[in-house]
Amino acid sequence: MKNQKGTIKVSGLENKIDFQIERYDFIEEIKGENCIYIFGAGSLADTITVKLRECGIHCFGALVDKKYYKGGATVNGIKVYEWESFVPECNIVVVMAMSDMKRGLEIEKREFVKKVVYPGCVGFENDKLLDESYLRENLGQYEDMLKKLADISSKEILSTWINSCLSRYNPMIFPFCNDKVGYFNRIDLQFSEIGSYINIGAYTGDTIEEFLLVNNMYDRIYAIEIDEKMNSYLERKYKNDKRINVVKKAFWNYEGEIIVAQCDNANSVGSIIKNSGNGNRIKCITLDQYFTEDKGKIDLISIALRGQENVLAGGGKLIKRDHPMIVAKVGFERDGVIKVINTIYEIDSSYAFYLRFKDNRTEELTVYAVRKGNL
């Protein structure tokens, strides 16, 4: 993993990217090992469990913190043990499958832990991931994006994120991750002064809950979720808060129809918007059509779904009119970060851009866009 076979020299990213960095494979890391446990029991653990079974590797159990699960439960046929009271009969290998990947550094310190391995981006489609050939063909786009980033930390994060994606090795990003998870504690912006907030891809409302920790004096929140089950859940959750408006509408860069399907990897749950393929056809409109001036000024947009550049492109008038702060989780799909930044920049070139990680995983790379005059 640590092998450095050669670097490239290019303007801006000079000596920062290693095209020939060794690919990390967590399956190879654990082959031949006994007493393998997964730390976590969520969607990433689901994906890892399937992968281990495909490779004929037996998993002895899942380790969790008390606050999430109780010991003795069974998840995907695997027994759950509480980490604090767990005492194994042999030294164990731990596969990290939780939001706080950095927790693995603490887990390594236990005397019975032989080693900790990190699954990287297992479960995501390979043709969407950044690799050497794609990077070589599109290096100029990354160079152009680098010039749009507003601070040194963002530039360093970009190059480290690229190397992490190429190597599939999450710990490379740990030095850039705060211990506390969240979108609204990464950039020194005045989120406490936000009056109106659009949350696109609200899912269970977790991002809204993070927002409420920094601002419970807001005027209006629009929780947008196209998945029927999640939408109904949000309506029940916020039925007593008249300031939170749950919206079941699909937004895109045109008015018409789009295809909505269940997410096709186990790291995400709910519905996604697709340009083609199988799924349900539903009507879509643009942000500009729905958020007209009579709804008042919009101060913040957060978005966490695929094709977010298309959604933002459909809000060009809104963005030019209100200059909202934009927080977009771009993940580690190879061109997501480029598309989002370029879309916003083409709408309004007065925006400044920052990159941060919401937590300790490469798929939590997030773009923060704020109009320079509002800094």
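**Helix packing and the open sheet**

Good morning. I begin with a helix pair: the axes of helix α4, residues 132–148, and helix α11, residues 336–347, come within 10 Å and cross at roughly 55°. Please bear in mind throughout that this is a predicted model. Two packed helices are described by the angle between their axes and the distance between the axes. At the crossing angle found here, α4 and α11 are therefore oblique to each other. The crossing in which α4 passes α11 is left-handed.

Which residues make this contact? From α4 come Gln141, Tyr142, Met145 and Lys148, and α11 supplies Val337, Ile338, Ile341, Asn342 and Tyr345. Sorted by class, the contact of α4 with α11 has 6 nonpolar residues, 2 polar and 1 charged.

I turn now to the sheet. It is an open sheet formed by 6 strands, with mixed pairing, and the order is β3-β4-β2-β1-β5-β6. The edges are taken by β3, residues 74–75, and by β6; each has a single partner strand, so one side of each is left without a neighbour in the sheet.

At the β3 edge, the partner is strand β4, residues 78–82, and the two pair in the antiparallel sense over 2 bridges. Within that pairing, Val75 stands opposite Ile78 of β4. Helix α2, residues 43–54, packs on the sheet, where it touches β1, β3, β4 and β5. The direction of α2 makes about 160° with that of β1.

Let us move to strand β5. On one side, strand β1, residues 36–39, is joined to β5 by 4 bridges, and the two run parallel. Here Tyr37 stands opposite Val94 in β5. Strand β6, residues 113–117, is likewise joined to β5 by 4 bridges and runs parallel to it. In that pairing, Ile92 has Val113 of β6 as its bridge partner.

Is β5 enclosed or open to the outside? Of the 5 residues of β5, residues 92–96, 5 are buried, so the strand is largely enclosed by the rest of the structure. In a regular strand the side chains alternate between the two faces of the sheet. In β5, Ile92, Val94 and Met96 point one way, while Val93 and Val95 point the other way, and all are buried.

To close, I would recall two points. The helices α4 and α11 cross at roughly 55°, and β5 pairs in parallel with β1 and with β6. Thank you for your attention.

Methods:
Residues are numbered from 1 along each chain as its sequence is written. This is a predicted model: local features need pLDDT of at least 70, side-chain atom pairs count only at pLDDT 80 or more; totals for chains, interfaces and linings use all residues. Side-chain values use heavy atoms; hydrogens and water are left out. Buried means under 20% relative accessible area, exposed over 50%, partly exposed in between (1.4 Å probe, protein chains only). Two strands pair if DSSP finds at least two bridges between them. Contact means heavy atoms within 4.5 Å. Axes are lines fitted to C-alpha atoms, for helices over the stretch in contact, and angles run from 0 to 180 degrees between N-to-C directions. Angles under 35 degrees count as roughly parallel, over 145 as roughly antiparallel, 65 to 115 as roughly perpendicular and the rest as oblique. A crossing is left-handed if the near helix is turned anticlockwise from the far one by less than a right angle, and right-handed if clockwise. Ala, Val, Leu, Ile, Met, Phe, Trp, Tyr, Cys and Pro count as nonpolar, Asp, Glu, Lys and Arg as charged, and the others, Gly among them, as polar.
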